[in-house]
Amino acid sequence: MSDKEKIIEMIEKMTVLELAELVDALKEKFGVTAVAPVGVAAPQAGGQQAAEAEKTTATVILHSAGQSKLQVIKVVKAILNIELKEAKEIVDAAPKEIKKNVSMEEAEKIKEQLEQAGAVVELK
């Protein structure tokens with residue numbers, strides 16, 4: 001794997017907040033400014049990124065289980081420490097809140113676990 005591919009892979013795994021910090025660090029390091037927004041976000045995302053940077057808690061929302069429903073059910077079961085039947089009901093009811101008002105660090109970990117299992121997840 002080339003260095004460029006490794007960098008792209010690392011960037012793909014970053015959160016919006018981490019990407020914003022990376023962009024700021026690159027601007028400072030190379031003395032440049034961005035004319036257009038960087039990333040996949042819509043043009044108005046600049047204000048959203050600033051708001052997200054100030055957030056200390058988030059709600060984890062499961063939008064769908066994707067192709068690996070069983071794996072997602074197992075992850076939900078482990079995260080919430082509930083029975084398999086309850087986890088299945090939550091996954092079947094998607095979009096559904098998984099955890100409310102958790103620290104951003106915990107929310108990011110939960111999101112990562114669910115996405116690795118194949119789920120589509122959002123933090124609000």
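Which side chains meet in a salt bridge at 2.6 Å, N to O? The legends below take this up, starting with the whole chain.

**Figure 1. The whole chain, with its six helices and three strands.** What you're looking at is a predicted model. If you trace the chain along its sequence, the elements turn up in the pattern α-α-α-β-α-α-β-α-β. The chain has 124 residues, and buried residues make up 21% of them. Salt bridges are a recurring theme in the views that follow, and the count for this model comes to seven.

**Figure 2. K88 and D92 meet in helix α5.** Back to the opening question: the pair is K88 and D92, whose side chains form a salt bridge at 2.6 Å, N to O. Both sit in helix α5, which covers residues 84–92, and because they are four residues apart, about one helical turn separates them. K88 is partly exposed, at 41% relative accessibility. D92 also counts as partly exposed, with a value of 38%. The pair isn't on its own, either: K69 joins K88 and D92 in a network of salt bridges.

**Figure 3. A salt bridge within helix α6, between E105 and K109.** Here the closest N and O atoms of E105 and K109 are 3.5 Å apart. The two residues are four positions apart in α6 (residues 104–116), or about one turn of the helix. E105 is exposed, with a relative accessible area of 56%.

**Figure 4. Strand β2 and some of its residues.** Strand β2 runs over residues 96–103, and I98 is one of its residues. How buried or exposed is I98? With a relative accessibility of just 8%, I98 counts as buried, since the cut-off for that label is under 20%. I98 and H63 are 35 residues apart in sequence, and their C-alpha atoms are 10.0 Å apart in space. N101 also lies in β2, but N101 is exposed, with a relative accessible area of 58%. N101 has a backbone quirk as well: its phi is positive, at about 50°, although N101 is not a glycine. Look too for the salt bridge between the side chains of K100 and E97, at 3.9 Å from N to O. K100 is exposed at 55% relative accessibility, while E97 is partly exposed at 41%.

**Figure 5. A cis peptide bond between A94 and P95.** The bond from A94 to P95 has an omega near 5°, and it is cis. You'll find P95 in the loop between α5 and β2.

**Figure 6. Helix α4 and the loop that follows.** Helix α4 spans residues 69–80, and K74 is part of it. K74 is partly exposed, with a relative accessible area of 44%. How far apart are K74 and A117 in sequence and in space? They are 43 residues apart along the chain, with 8.8 Å between their C-alpha atoms. Now move to N81, in the loop between α4 and α5. N81 is not a glycine, yet it has a positive phi of about 55°. N81 is also exposed, with a relative accessible area of 70%.

**Figure 7. Helix α2, end to end.** With 15 residues, α2 reaches 21 Å from its first C-alpha to its last, close to the 21 Å expected at 1.5 Å a residue. Just after α2 comes G31, which takes a positive phi of about 65°.

**Figure 8. A negative surface patch made by E18, E21, D24 and E28.** One of these, E28, lies in helix α2, which covers residues 16–30. E28 is exposed, with a relative accessible area of 69%.

**Figure 9. A nonpolar surface patch made by L26, F30 and V32.** This patch has an area of about 300 Å². F30, one of its members, lies in helix α2. What makes F30 count as exposed rather than buried? Its relative accessible area is 59%, and the exposed label goes to values over 50%, so F30 qualifies.

Key:
Residues are numbered from 1 along each chain as its sequence is written. This is a predicted model: local features need pLDDT of at least 70, side-chain atom pairs count only at pLDDT 80 or more; totals for chains, interfaces and linings use all residues. Side-chain values use heavy atoms; hydrogens and water are left out. Patches are made of residues with over 30% relative accessible area and no salt bridge: like charges are joined within 9 Å, nonpolar side chains (Val, Leu, Ile, Met, Phe, Trp, Tyr) within 5 Å. Accessible areas come from the Shrake-Rupley method with a 1.4 Å probe; for residues, only the protein chains shown count as cover. A salt bridge is a side-chain nitrogen of Lys or Arg within 4 Å of a carboxyl oxygen of Asp or Glu. Lys and Arg count as positive and Asp and Glu as negative; His and the chain ends are not counted. The place of a charge is taken as NZ of Lys, CZ of Arg, CG of Asp or CD of Glu. Buried means under 20% relative accessible area, exposed over 50%, partly exposed in between (1.4 Å probe, protein chains only). The expected span of a helix is 1.5 Å times one less than its number of residues.
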